[in-house]
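This note sets out comments on the structure shown below. The comments are arranged as numbered points for a colleague's review.

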Amino acid sequence: MRYRIPRRLVGPALLLAIACPGPLLAQPAADSAAPLTLEKALTEARQANAQLPVSKLELQGARARAEQARGNLYPTLSVDGDLHGGAPSAYASGDAFARVLARAPLYQGGELRAARDASDAEAQAFQAGYRVAVRDVDYAVRTMYARVLRAQDGLAFERRGIERLRAYLSVIQGRQAS
């Protein structure tokens, strides 16, 4: 038996054929695997997408740069020291010193605050880019899922029509036989 699929349903029918192996017009088995839900499809697509980890790494790098720029606004402390023994004849005794240095930016014309603001804006931009990438994946999955559901509904409708035609055929064959 040949079955023609309308041109507008070829893509969804192919998706359905891939998602549900076996003849398209055959009745599904009672012990078949659980159907793919939208939430499971979204989760699997997010895990398999190649763009999301890249966006996430870019976001983490931008956040680290923002944290570094914020840290440049605060004072820094350093410890330095030296120790000499009294061995050479020029030294009367051993000596040692230690120092603690504190450095703080006094005035740089707003450069540090501008760098902080720019890195914060960069981190926000990467955050928005990551959200867009997630939404793009979600949109693609939801669109394809809706197409598959539409194709499944069309196939179910056509199966019912075929069963109805088979019933009519058996009635006609029964009348012709008697």
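The points that follow go from the overall arrangement to individual residues.

1. The model under review is predicted. Its secondary structure consists of four helices and two strands, and these elements follow the order α-α-α-β-β-α from the N terminus. The protein has 178 residues, of which 16% count as buried. Its accessible surface amounts to about 14000 Å², and carbon and sulfur atoms supply 58% of that area. Among contacts with a separation of 6 or more, 72% are between residues 24 or more positions apart.

2. Helix H3 covers residues 51–71 and thus has 21 residues. At 1.5 Å a residue, H3 should span 30 Å; the C-alpha atoms at its ends are 31 Å apart, which agrees with that expectation.

3. Which residues of H3 are buried? They are Leu52, Ser55, Leu59, Ala62, Ala66 and Ala69. These residues cover an arc of only 105 degrees around the axis, and therefore lie on the same side of H3. The general geometry is relevant here: an α-helix has 3.6 residues a turn, so residues three or four places apart point the same way. The buried residues of H3 pack against two other helices, H2 (38–48) and H4 (111–177). On the other side of H3, Leu57, Glu67 and Gln68 are exposed.

4. The salt bridges deserve a separate comment. With a cut-off of 4 Å between a side-chain nitrogen of Lys or Arg and a carboxyl oxygen of Asp or Glu, the count is eight. One of these salt bridges joins the side chains of Arg46 and Asp138, with an N to O distance of 2.7 Å. Because Arg46 lies in helix H2 and Asp138 in helix H4, this pair ties together parts that are 92 residues apart in sequence. Arg46 is partly exposed, at a relative accessible area of 33%.

5. Asp138 also meets Arg135 in a salt bridge, for which the N to O distance is 3.7 Å. Arg135 and Asp138 are three residues apart in helix H4, which means that about one helical turn separates them. Arg135 is exposed, with a relative accessible area of 54%.

6. Is Asp138 buried or exposed? Its relative accessibility is 6%, so Asp138 counts as buried, the cut-off for this class being under 20%. Once neighbours within four places in sequence are set aside, Asp138 is in contact with Leu42 and Arg46. Arg46 is thus named both among these contacts and as a salt-bridge partner of Asp138.

7. A further salt bridge in helix H4 is formed by the side chains of Glu163 and Arg166, at 3.1 Å from N to O. Glu163 and Arg166 are three residues apart in H4, and about one helical turn lies between them. Glu163 is partly exposed, with a relative accessible area of 40%; Arg166 is likewise partly exposed, with 46%. As for shared partners, salt bridges join Arg46, Arg135 and Asp138 into one network.

8. On the surface, Leu77, Val79 and Val100 form a nonpolar patch. Together these three residues have about 360 Å² of accessible area. Leu77 is located in strand S1, which comprises residues 76–84. With a relative accessible area of 69%, Leu77 is exposed, as the threshold for that class is over 50%.

9. Where is Pro105 placed? Pro105 is in the loop between strand S2 (95–103) and H4. At 33% relative accessibility, Pro105 counts as partly exposed. Leaving out residues up to four places away in sequence, Pro105 touches Asn72, Leu73, Tyr74 and Leu112. For Pro105 and Asn72, the separation is 33 residues in sequence and 8.4 Å in space, from C-alpha to C-alpha.

Definitions and conventions. Residues numbered from 1 in each chain as written. Predicted model: local features only at pLDDT ≥ 70, side-chain atom pairs only at ≥ 80, totals over all residues. Heavy atoms only, no water. Expected span 1.5 Å × (residues − 1). Buried < 20%, exposed > 50% of the residue type's maximum accessible area, 1.4 Å probe, protein only. Arc of directions from axis to C-beta. Contact = heavy atoms within 4.5 Å. Patch = residues over 30% accessible without salt bridge, like charges linked within 9 Å, V, L, I, M, F, W, Y side chains within 5 Å. Areas by Shrake-Rupley, 256 points an atom, 1.4 Å probe, with all protein chains shown as cover.
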